[in-house]
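Work through the following exercises with the sequence and the coordinates at hand, and settle each step before turning to the next.

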Amino acid sequence: MKLINLFILSLSSIVMVSCVPEVSSNQSKESPIAVNTSFPASSTSAKPVAPSARSQESIAMKSGTFISGEHTTQGTVSITTKGGKSFLELEQSFKTSESGPDLVVTLHRSDNVIGSTKPPSYPLKNGDYIILAPLKKYSGAQTYSIPSNINLADYKSVAIWCRKFNATFGAANLIS
């Protein structure tokens with residue numbers, strides 16, 4: 001009888017140890033173990049996981065390569081749609097000068113912003129562009145939301161523009 005009790009006690013100890021979460025080597029012995037109590041212990045059925053955001057891929061509608069204006073600007077830009085919304089995406093290859101204050105990302109009506117403006121500043125005329133947002137960073141990938149009330153068919157280029165000095169750092173003609 002004692003042997004059976006010892007066997008049951010050993011078996012229940014194994015079951016209890018297997019139910020305790022593993023403590024990582026980074027945790028100190030004094031720190032308590034956090035146990036997730038948000039799910040009832042009696043729950044046995046798994047629920048399907050919602051599709052991740054990555055399953056909704058963005059679709060490129062237009063793209064272009066930057067041409068330098070007032071300052072060296074390089075890289076590519078794309079207009080994409082995802083979930084019915086439009087975005088302007090500067091690719092990882094994007095880079096412009098850090099010397100300008102008040103740089104903004106604009107959509108421009110001309111298909112040749114640099115060629116249709118005058119050096120050295122390549123100034124933009126009011127009414128020819130719409131400002132999407134301040135430039136987030138001088139290089140690398142970044143995304144800007146395009147408001148739904150903007151008719152993208154009216155805009156043929158993207159420009160990086162210094163609002164303070166009315167100087168276009170660079171522009172990219174958008175091609176379908």
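Two strands count as paired if DSSP finds at least two bridges between them. The model examined here is a predicted one.

**Exercise 1.** Determine which strands pair with β9 and in what direction they run.

*Solution.* Begin with strand β6 (residues 103-108), which is joined to β9 by six bridges in an antiparallel arrangement; within this pairing, Val 104 stands opposite Trp 161 of β9. Next take strand β10 (residues 167-173), which also runs antiparallel to β9 and is joined to it by six bridges, with Ala 171 as the bridge partner of Ala 159. Finally, inspect the connection: β9 and β10 form a hairpin with four residues between them, and Asn 166 in the turn has a positive phi of about 50°.

**Exercise 2.** Decide whether the residues of β9 are buried or exposed on each of its two sides.

*Solution.* Sort the side chains by direction: Ser 157, Ala 159 and Trp 161 point one way, whereas Val 158, Ile 160 and Cys 162 point the other way, and all are buried. The count for the strand (residues 157-162) agrees, since six of its six residues are buried.

**Exercise 3.** Find the salt bridge in the structure and classify the accessibility of Asp 102 and Arg 163.

*Solution.* A search of the whole structure yields one salt bridge, formed by Asp 102 and Arg 163, whose closest N and O atoms are 3.1 Å apart. The pair links distant parts of the chain, 61 residues apart, with Asp 102 in the loop between β5 (95-96) and β6 and Arg 163 in the loop between β9 and β10. Because partly exposed lies between the limits of 20% and 50%, Asp 102, at 36% relative accessibility, counts as partly exposed, and so does Arg 163 at 38%.

Terms used: Residues are numbered from 1 along each chain as its sequence is written. This is a predicted model: local features need pLDDT of at least 70, side-chain atom pairs count only at pLDDT 80 or more; totals for chains, interfaces and linings use all residues. Side-chain values use heavy atoms; hydrogens and water are left out. Buried means under 20% relative accessible area, exposed over 50%, partly exposed in between (1.4 Å probe, protein chains only). A salt bridge is a side-chain nitrogen of Lys or Arg within 4 Å of a carboxyl oxygen of Asp or Glu.
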